[in-house]
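Hi everyone, thanks for coming along. I'd like to take a few minutes to walk you through a structure, so please have a look at the screen.

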Amino acid sequence: MRRLAVMSALLLLPLPAAAGFLFKSAGFDCQSGRDRLILTYDETVNGTRGEIAENARAAEWALWELVSHDEKDFIRDMRKGAGTCSLSDGEYRIEIYPNPGNANFQGKCGVWMGARAKVEKDGRTLFDEDFDNSCQQIGSPIIRRVLIRPGKEPVRRVSDNPLGLLFTAACQPEQGQLRLGFAFAATHDHGQEPPGVTDVEDLFQLVPDYKALVLETTDLKASCRLADGEYRYVLSPFGNSCGIAKKWVNARLAITRDGKTIHDAPFARDCADPQAPVVRGVTLRSGKEPKVDTAPADLFYDPDDDPEGGAYNPAPVAVE
């Protein structure tokens, strides 16, 4: 429900304030150790990401920060974000451009904002395309990720919905287990996730408070009874974002069995280190200690791993 609630609130705000709450960002993640470059396009609600990462291996730009406008709500100028990535076959140059729907905020698309990316190597254009042109061309695909590797054609992940941190829960008393996990995948509109799946960002909400909007969080609480007792778990979101280019919100997962705490840890502990472990899942079985599955951040955030199938499609190479 967060997108509906936020958009309703934005209609009550003046333009500069309204433009600030719907957060869209674009950038790149240079994973030299895995010999690949990933372009990223994300959207979320302000207040849940923390600072934008800008360092040698990952960079992300808030698109509205690349645009300035005058007092009549006309765009005055735009600048680009730029960086480089060194892979096994040489240096790649990346440019990120804001792509507003109108020069005039009062136009057809209002304050809608998209983005464009361009990647060059040795003077040759490898990728030059809009991530999102859905305002001007309703129903057009939205590119969330582009995977670029030496000697291969770029491939892209296309999804109408944003990519976000999902929390999954499966209570399976017949198998004597409770399985809790985190996944990075496409979210659904208006919080309508499948049963057992929660978009962590849905636990954040902007609410009016004396003519201002205040960010509030809601804990997710549930329980599962197995043969050796009742397992209760609480997922508590917090605003510090973690992961490659700081794309994720974060949350602490606490689990008790008959009132005794058996697990209490955040999804991610270190927002800066790509090798820092993040929690992929916690499996609880009757009569056994919790089994915690972790992976380095840049393995957890892995567009090569596509269980859905078909989410990646060849991205057209720009014609020079």
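Let me start with the whole protein: of its 320 residues, 49% count as buried. Please keep in mind that this is a predicted model. The accessible surface comes to about 15,400 Å², and carbon and sulfur atoms supply 49% of that area. As for secondary structure, we have three helices and 23 strands. If you take the contacts between residues at least 6 apart in sequence, 53% of them join residues at least 24 apart.

With that many strands, let's go to the pairing. I'll begin with strand 7, residues 90-100, and strand 8, residues 113-121, which pair in the antiparallel sense over nine bridges. If you want a landmark there, find proline 100: opposite it, in strand 8, stands methionine 113.

Strand 8 also has strand 9, residues 124-130, as an antiparallel partner, and six bridges join these two. Here the landmark is glutamate 120, which faces threonine 125 in strand 9. What lies between strand 8 and strand 9? Just two residues, and the two strands form a hairpin. Do look at aspartate 122 in that turn, as its phi is positive, about 55°.

Now let's move along the chain to a sheet. Five strands make up an open sheet here, in the order 14-12-13-21-22, with antiparallel pairing. Which strands stand at the edges? They are strand 14, residues 197-199, and strand 22, residues 291-296; each has a single partner strand, so one side of each is left without a neighbour in the sheet. On average, neighbouring strands of this sheet are turned by 25° against each other, direction ignored.

Staying at the strand 22 edge for a moment, its antiparallel pairing with strand 21, residues 277-285, runs over six bridges. There is a proline on both sides of one bridge: proline 277 has proline 296 in strand 22 as its partner.

Next, the cysteines. How many disulfides does the structure hold? Two.

One of them is formed by cysteine 30 and cysteine 85, with their sulfur atoms 2.1 Å apart. The link of cysteine 30 and cysteine 85 is right-handed, with 75° about the S-S bond. Cysteine 30 sits in strand 1, residues 22-31, and cysteine 85 in strand 6, residues 81-87, so this pair ties together parts that are 55 residues apart in sequence. Are these cysteines buried or exposed? Cysteine 30 is buried, at 5% relative accessible area, and cysteine 85 is buried as well, at 1%.

The other disulfide joins cysteine 171 and cysteine 224, whose sulfur atoms are 2.0 Å apart. Its torsion about the S-S bond is about 75°, so this disulfide is right-handed. Again distant parts of the chain are linked: cysteine 171 is in strand 12, residues 163-172, while cysteine 224 is in strand 17, residues 220-226, 53 residues away. Strand 12, by the way, is one of the strands of the open sheet we just looked at.

For burial, this pair is split. Cysteine 171 counts as partly exposed, with 40% relative accessibility, whereas cysteine 224 is buried, with a relative accessible area of 2%. If you are rotating the model yourselves, that contrast is a nice place to stop and look.

That's my tour, and I'm happy to take questions.

Methods: Residues are numbered from 1 along each chain as its sequence is written. This is a predicted model: local features need pLDDT of at least 70, side-chain atom pairs count only at pLDDT 80 or more; totals for chains, interfaces and linings use all residues. Side-chain values use heavy atoms; hydrogens and water are left out. Two strands pair if DSSP finds at least two bridges between them. Helices (H or I, at least four residues) and strands (E, at least two) are DSSP runs, numbered from the N terminus. Axes are lines fitted to C-alpha atoms, for helices over the stretch in contact, and angles run from 0 to 180 degrees between N-to-C directions. A disulfide is a pair of cysteine sulfur atoms within 2.5 Å. Buried means under 20% relative accessible area, exposed over 50%, partly exposed in between (1.4 Å probe, protein chains only). Contact means heavy atoms within 4.5 Å. Accessible areas come from the Shrake-Rupley method with a 1.4 Å probe; for residues, only the protein chains shown count as cover.
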